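Let us walk through this model from its sheet to its core. Keep the sequence beside the structure as you read.

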Amino acid sequence: MTTPVSLERASTVPPRQRVVAVLAVAVARALVALPPARLRQALRFASAGARRATAAEALRARTAVVTVSRRCAGQQCLQRSVATALLCRARGAWPTWQTGVRTEPFTAHAWVSVDGVPIGEAPHLCAYTPIMVVGPR
């Protein structure tokens, strides 16, 4: 679902938070195997009752995810974005989870954002048309 990229830099994650991040990555890996409609349904269920995530919370979750998972640090944007959202949810918050496409050249991507600002992503995301969006409810 992504274009070729290099691995993101890992940072230090405290042991307790590392365990929760690894669990979020594992659950995300199972969820991304679902058909898109079922994935959206699962994420809508997970987002219920959560408060809006702050940009700092979402960035902290994304950083933890890419630190504990080489797959998520690389080209697995769908798993990375789902794991980031789930890790935020484990802390009581929910960012806006999105997938989108662009046509020139055709590419699909998944990411999380807060207040319309993509978290930890390159600025080229403005070229993507959102297809699925699951925001805080």
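The sheet comes first, then the core, then one buried side chain.

This is a predicted model: local features need pLDDT of at least 70, side-chain atom pairs count only at pLDDT 80 or more, and totals for chains, interfaces and linings use all residues. Residues are numbered from 1 along each chain as its sequence is written, and side-chain values use heavy atoms, without hydrogens and water.

Four strands make an open, antiparallel sheet, ordered β5-β4-β3-β6. Strands are DSSP runs of E, at least two residues; helices are runs of H or I, at least four, and both are numbered from the N terminus. Strands pair if DSSP finds at least two bridges between them. β5 (117-118) and β6 each have a single partner strand, so one side of each lacks a neighbour in the sheet. Five bridges join β3 (residues 96-103) to antiparallel β6. Here Gln98 stands opposite Val133 in β6.

The largest nonpolar core has 33 residues. Such a core is a set of buried Ala, Val, Leu, Ile, Met, Phe, Trp, Tyr and Cys residues joined through side-chain atoms within 4.5 Å. Leu39, Leu43 and Trp97 are among the members that touch the most others. α5 gives the most, with eight residues.

Glu121 sits in the loop between β5 and β6. Glu121 is buried (under 20% relative accessible area, 1.4 Å probe, protein chains only), at 19%. Its side chain makes polar contacts (N or O pairs within 3.5 Å, one able to donate a hydrogen and the other to accept it; residues adjacent in sequence count only if both atoms are side-chain atoms). One partner is the side chain of Arg62, at 3.2 Å. Another is the side chain of His109, at 2.9 Å.

Methods
Buried means under 20% relative accessible area, exposed over 50%, partly exposed in between (1.4 Å probe, protein chains only).
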